[in-house]
Amino acid sequence: MRHWDRGLPDAGDGRDLRVRTLSALPPWLIIAIGFVLFAAVSAGCRFALNRGASPERSAHLEEYAGKLLGVFGATFAFLVGFSITITWSAVSAGQDAVDLQASSAQQLSWAASAIPDQAGADEVNDNLREYLNTVVNKDGPALAEGTVSGLPSAETFDKLQNSVHRVASAGNADPAASGMVSAAASLTAAQSKVTAVAQRSLPAILVALILLSGLLLAATVGMSALTVERPHLMYAWAFLAAVSLAVVLMIDFPFGGGIGVNLGPLSVAAGSI
């Protein structure tokens with residue numbers, strides 16, 4: 001039996017832990033945790049300095065913090081923007097791979113339906129439909145965690161490839177058989193791309209830098225609002241920073257989180273076979 005390569009090695013345990021603790025959380029919960037964290041740091045710094053510093057010292061610290069706001073703000077914005085650019089490119093690449101899977105599957109179905117051996121064509125189409133449904137219904141959680149070894153669809157994928165080669169070998173002189181093999185090769189390439197993209201994520205050090213720069217900025221914002229009676233903008237900034245962090249984490253793993261790759265085209269392709 002001939003087995004085709006289905007992708008790259010599995011991801012490390014560290015990534016799986018980060019999925020469970022950060023990226024796997026609901027978006028609203030990430031935003032809530034981020035808001036409480038940043039707001040607490042800002043309010044805590046403001047409260048502590050108001051209680052422990054003299055009016056002259058407070059005025060000096062507030063002026064100094066105002067000068068640092070631009071520096072820390074630009075750093076935080078750069079890290080967030082850079083991270084979103086990286087993660088969104090991975091989501092786009094994953095969606096392109098899924099779209100290629102769907103189009104290759106439809107091409108394979110059309111080529112199989114054109115061969116004279118209708119029994120063989122039915123077998124290929126049945127195996128193809130089973131494979132696509134397995135990918136949509138069972139592969140999602142594993143892809144979301146970047147786990148690509150031992151995917152639930154592996155067995156059905158091997159079954160599909162074996163049936164394609166067996167049916168195509170029986171009709172070597174038929175151009176439709178060659179088209180069927182070509183479409184199967186494209187489907188394999190798309191599957192390999194999906195598993196490769198599923199293993200992409202931001203380096204842990206970059207996520208740590210975003211969090212650290214956000215905390216430093218939160219402390220600076222609190223210091224810059226020492227003499228403000230009702231610092232509403234301080235809490236508005238904490239909410240904005242929390243949303244920014246949540247967006248980064250939601251698209252950190254292309255097939256997981258609140259914003260990710262849509263497997264819908266595979267469902268449409270399975271339904272059309």
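**View 1. Lys67 and Glu63 form a salt bridge in helix H3.** Lys67 and Glu63 sit four residues apart in helix H3, so about one helical turn separates them. Helices here are DSSP runs (H or I, at least four residues), numbered from the N terminus. The closest N and O atoms of the pair are 4.0 Å apart. A salt bridge is a side-chain nitrogen of Lys or Arg within 4 Å of a carboxyl oxygen of Asp or Glu. By this rule the count comes to four salt bridges. Lys67 counts as exposed, at 59% relative accessibility. The cut-offs: buried is under 20% relative accessible area, exposed is over 50%, and partly exposed lies in between (1.4 Å probe, protein chains only). This is a predicted model, where local features need pLDDT of at least 70 and side-chain atom pairs count only at pLDDT 80 or more, while totals for chains, interfaces and linings use all residues. Residues are numbered from 1 along each chain as its sequence is written, and side-chain values use heavy atoms, with hydrogens and water left out.

**View 2. Glu123 and Arg166 meet in a salt bridge.** The N to O distance is 2.1 Å. Glu123 lies in helix H4 and Arg166 in helix H5, so the pair ties together parts that are 43 residues apart in sequence. Glu123 is partly exposed, with a relative accessible area of 28%. Arg166 is also partly exposed, at 47%.

**View 3. Lys159 and Glu130 form a salt bridge between helices H5 and H4.** Their side chains meet at 3.6 Å, N to O. Lys159 is in helix H5 and Glu130 in helix H4, 29 residues apart, so distant parts of the chain are linked. Lys159 has a relative accessible area of 43% and is partly exposed. Glu130 is partly exposed too, at 34%.**View 4. Helix H5 is mostly covered.** H5 runs over residues 154-169 and has 16 residues. From first C-alpha to last it reaches 23 Å, close to the 22 Å expected at 1.5 Å a residue. The expected span is 1.5 Å times one less than the number of residues. How many of the 16 residues of H5 are buried? Twelve are. Among them are Phe157, Leu160, Val164 and Val167. The buried residues of H5 pack against helix H3 (55-113), helix H4 (118-144) and helix H6 (175-198).

**View 5. Ser104 is buried in helix H3.** Its relative accessible area is 1%. Which residues does Ser104 touch, not counting those up to four places away in sequence? They are Ala183, Ser186 and Leu187. Contact means heavy atoms within 4.5 Å.

**View 6. The largest nonpolar core has 42 residues.** A nonpolar core is a set of buried Ala, Val, Leu, Ile, Met, Phe, Trp, Tyr and Cys residues joined through side-chain atoms within 4.5 Å. Leu108, Leu128, Leu132, Met180 and Phe255 have the most contacts inside the largest core. H3, H4, H5, H6 and helix H9 (264-272) each give two or more residues to this core. Leaving aside neighbours within four places in sequence, Leu132 is in contact with Ala105, Leu266, Ala269, Ala270 and Ile273. A second, separate core of 22 residues includes Ala39, Leu79, Ala241 and Ala246.

**View 7. Helix H2 covers residues 27-52.** At 1.5 Å a residue, its 26 residues should span 38 Å. The end C-alpha atoms are 37 Å apart, which agrees. Buried residues in H2 include Ile30, Phe38, Ala39 and Arg46.
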